[in-house]
Amino acid sequence: MKKILALLGVIICGISFSGCGGNTAQKNEVYVYTWGDYLDQKTLEMFEQETGIHVVLDTFDTNESMYPRVSEGAVHYDVICPSDYMIQKMIDNDLLQPLDFSKLPEAKKNIGEQFFKQSQSFDPENKYSVPYAWGTVGIMYNSKKVDDPVDSWNILWNEKYKDRILMQDSPRDAFMIPLKLMGKSLNETDKAQLEIAKEMLIRQKPLVQAYVIDEVKDKMISGEADLGVIFSGEALLISLANPDLKFSIPKEGTNFWIDSWVVAKDAQNVENAHKFIDFMCRPDIAVINFNALGYPTPNMAVRDLVEDDEYKNSPVAFPDPSTYENQETYKYLGNEMDAYYNRLWMQVKVD
Amino acid sequence: MFRSIGLRNLFLVPFCVWAGIFIFVPVVFIIYYGLTDTAGNFTWDNISMILRREYYSSLRLSVLLALVTTIVCLLLAYPLCLILVERAKSSGAIIILLFVLPLWMNTLLSTMAWQTIFEHDGILNQVLRIFSLPDLTLINTPTAVVIGMIYNYLPYMVLPLYVTLSKIDKSIFEAAKDLGASAWQTFWKVTLPLSLPGAISGITMVFIPALTTFAISALLGGSKLLLIGNVIEQEFTVEYDWHLGSALSSVLMIFIIVYMVLTFAFEQSHQEED
């Protein structure tokens, strides 16, 4: 009996080890880890054709689910595309390597200076990241149902719209709103201020229809809700699907978020990673991705190449610089503060 | 059944390996994570978090909703099974098949269907409007979550009950009738005690998944209701705190173990009575 068990154990171990063996570092490949639906498949094929480098693409749906996979080294990714505060967390935890900008001529040429400047809030010396997409957070509203002006976060506390309001289901995005209404920073760490923000969210809860992430698109388009907190990139596609829906950035300010390309510390194809990032910054490639994605791009050369007028003249896709000047970007607040935000958010939800 | 002990043991091997790898080892890991901090030192901190208001209230809500679901399932399933057993075997089996049919469909899919029924402009409200009745706001309420759970778990109550009830020897009922028992007495003294084992396994099969669900409450509760399953899921996926997530899972396991010990003790005492 024991012998059989031992034998089975050996067989199982053997199978599992042979599966992980045979490293692929020598092959001409690049491992890319990015948000779902964030790249047009066509651009990957073009990259493979031009360079002969095979792209292995994996996707994630939240920064938080990406982080452990990279930090545990489950797979050695070369290029990753996280958001601002997460890039800072990865720099702090020594998971990224500095980029060699001499190998990134297209990035230097095409990515707007202001986006590198804004990136300094999470990558102070602009050493680690190349912006790929950016946006703001605002309110999407149904202009047929909402007759008050939508220019302030205050409208999300208006009793008139009870049960017609959608909020984002994530601690930082949820707290950003009351903090901005209070005139505070969205990177607030003063616990007394956060407590006030929490009370505001609890007061708002009876008016909220649901706390959502991706569902916000469907619910806004179908008319299930009249006001929704939403990322500007999605706003463009939604307003094309339902013209009654308009997007507004409240006057109190909002989050200016940036998703950027970074190279992992333990990347095995550093050279290819740089080639990939630079390729994505080429205007002819960036425009394909822009058309597929609809998110605002930091690539200054793209607008001239966009053919669809609806996109080209959309203030959501190509906003006036005044809409995002002086806006704040999320910073990584440290593990302890992260946990504190999470805890407060949970208190809002169980109340 | 097996004449040689060696042969019998050989057939046990797959199960032992399975139980070892997929039941024993994971449970050990969960308990280990639950009782350690990030540095790997022993601590009660994670377990004691359950006493914090936010965790405690989500656990209380979960137990409450699971209890309501179980009771409603039992009340719906018992009379149904009694009627089915009395009918001819064939038609009863068809109706049981109809009951099991929803299980063929993915839980997520059927729960999303409920979402479209309960929405503000959903099917339910559209039907109500046809009859000029006022709208019902069910989506994102505890009621919606309970209805979703009843729909998903009712078959697990019906099946064991039906099997147990249909196995009761018909001559026992005849004997009860011969000896002058009224219909009510027959039910109370004969049917009910004999069907208890089925009811208990039905209750177990409904109560435990209802207690731990996170998908149904996320879809029908609009994330406004936090059940303990949602909290645990968040600890693992969003907050990446495996220690706290494991500790909360362990607390939940304790609840389930206590429940199982109670039902076991109840069954034992019941058998002794017989």
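Helices, in what follows, are DSSP runs of H or I of at least four residues, and they are numbered from the N terminus. With that convention stated, I turn to the structure above, which is a predicted model.

I begin with one residue of chain B, B:Ser132. This serine sits in the loop that connects helix H6 (123–130) to helix H7 (142–167) of chain B. Its phi is positive, about 55°, although the residue is not a glycine. Is B:Ser132 buried or exposed? Its relative accessibility is 65%, so B:Ser132 counts as exposed.

Chain A offers a residue to set beside it. A:Asn126 is also not a glycine, and its phi is positive at about 55°. The loop that holds A:Asn126 runs between H6 and strand S5 (130–142) of chain A. Here the relative accessibility is 15%, and A:Asn126 therefore counts as buried; the cut-off for that class is under 20%.

Let me now describe chain B as a whole. Chain B contains 12 helices and zero strands. Its pattern along the sequence is accordingly written as α-α-α-α-α-α-α-α-α-α-α-α. The C-alpha trace spans about 70 × 70 × 35 Å along the principal axes of chain B. Chain B has 274 residues, and 41% of them count as buried. As for its contacts, take those between residues at least 6 apart in sequence: 70% of them join residues at least 24 apart. The accessible surface of chain B is about 15,600 Å², and carbon and sulfur atoms account for 72% of that surface.

One interior position illustrates these contacts. B:Thr70 belongs to helix H3 of chain B. With a relative accessible area of 6%, B:Thr70 is buried. Which residues does B:Thr70 contact, once its neighbours within four places in sequence are left aside? They are B:Met157, B:Ile203, B:Val206 and B:Phe207.

I come next to the interface. On the chain B side, 30 residues are in contact with 28 residues of chain A. The two chains bury about 2,500 Å² between them, and 57% of that area lies on carbon and sulfur atoms. Three residues, B:Glu54, B:Lys224 and B:Tyr240, supply 25% of the area that chain B buries against chain A, more than any other three residues.

How many salt bridges are counted between chain B and chain A? The count is two. One salt bridge pairs A:Arg343 with B:Glu54, and the closest N and O atoms of that pair are 2.9 Å apart. B:Glu54 thus appears twice in this account, in the salt bridge and among the three residues just named for buried area. There are also 10 residue pairs in polar contact between the chains, with both residues at pLDDT 80 or more.

Which elements of chain B give two or more residues to the side that touches chain A? They are helix H1 (5–34), helix H3 (53–86) and helix H11 (228–237). H1(B) makes the largest share, with six residues. By residue class, this side of chain B divides into 11 nonpolar, 11 polar and eight charged residues.

I close with three helices of chain A. Helix H12, residues 283–293, has eight buried residues out of 11, so H12(A) is largely enclosed by the rest of the structure. The buried residues of H12(A) include A:Pro283, A:Ile285, A:Phe290 and A:Leu293. After H12(A) comes A:Gly294, with a positive phi near 80°.

Helix H3 of chain A covers residues 63–71, and its buried residues are A:Asn63, A:Met66, A:Tyr67, A:Pro68 and A:Val70. What covers the buried residues of H3(A)? The cover includes strand S1 (29–35), strand S2 (54–60), strand S3 (79–80) and helix H4 (84–92) of chain A. A:Gly73 follows H3(A), and its phi is positive, near 65°.

The third helix is H6 of chain A, residues 113–119, where A:Gln114 is found. A:Gln114 has 31% relative accessibility and therefore counts as partly exposed. Not counting residues up to four places away in sequence, A:Gln114 touches A:Met300 and A:Tyr324. A:Lys42 is 72 residues from A:Gln114 along the chain, and their C-alpha atoms are separated by 29 Å.

Definitions and conventions: Residues are numbered from 1 along each chain as its sequence is written. Chains are lettered from A and ligands numbered from 1 in the order in which they are written. This is a predicted model: local features need pLDDT of at least 70, side-chain atom pairs count only at pLDDT 80 or more; totals for chains, interfaces and linings use all residues. Side-chain values use heavy atoms; hydrogens and water are left out. Contact means heavy atoms within 4.5 Å. Buried area is the accessible area (1.4 Å probe) that two parts lose on being put together, summed over both. A salt bridge is a side-chain nitrogen of Lys or Arg within 4 Å of a carboxyl oxygen of Asp or Glu. A polar contact is a pair of N or O atoms within 3.5 Å; within protein, one must be able to donate a hydrogen and the other to accept it, and residues adjacent in sequence count only if both atoms are side-chain atoms. Ala, Val, Leu, Ile, Met, Phe, Trp, Tyr, Cys and Pro count as nonpolar, Asp, Glu, Lys and Arg as charged, and the others, Gly among them, as polar. Buried means under 20% relative accessible area, exposed over 50%, partly exposed in between (1.4 Å probe, protein chains only). Accessible areas come from the Shrake-Rupley method with a 1.4 Å probe; for residues, only the protein chains shown count as cover.
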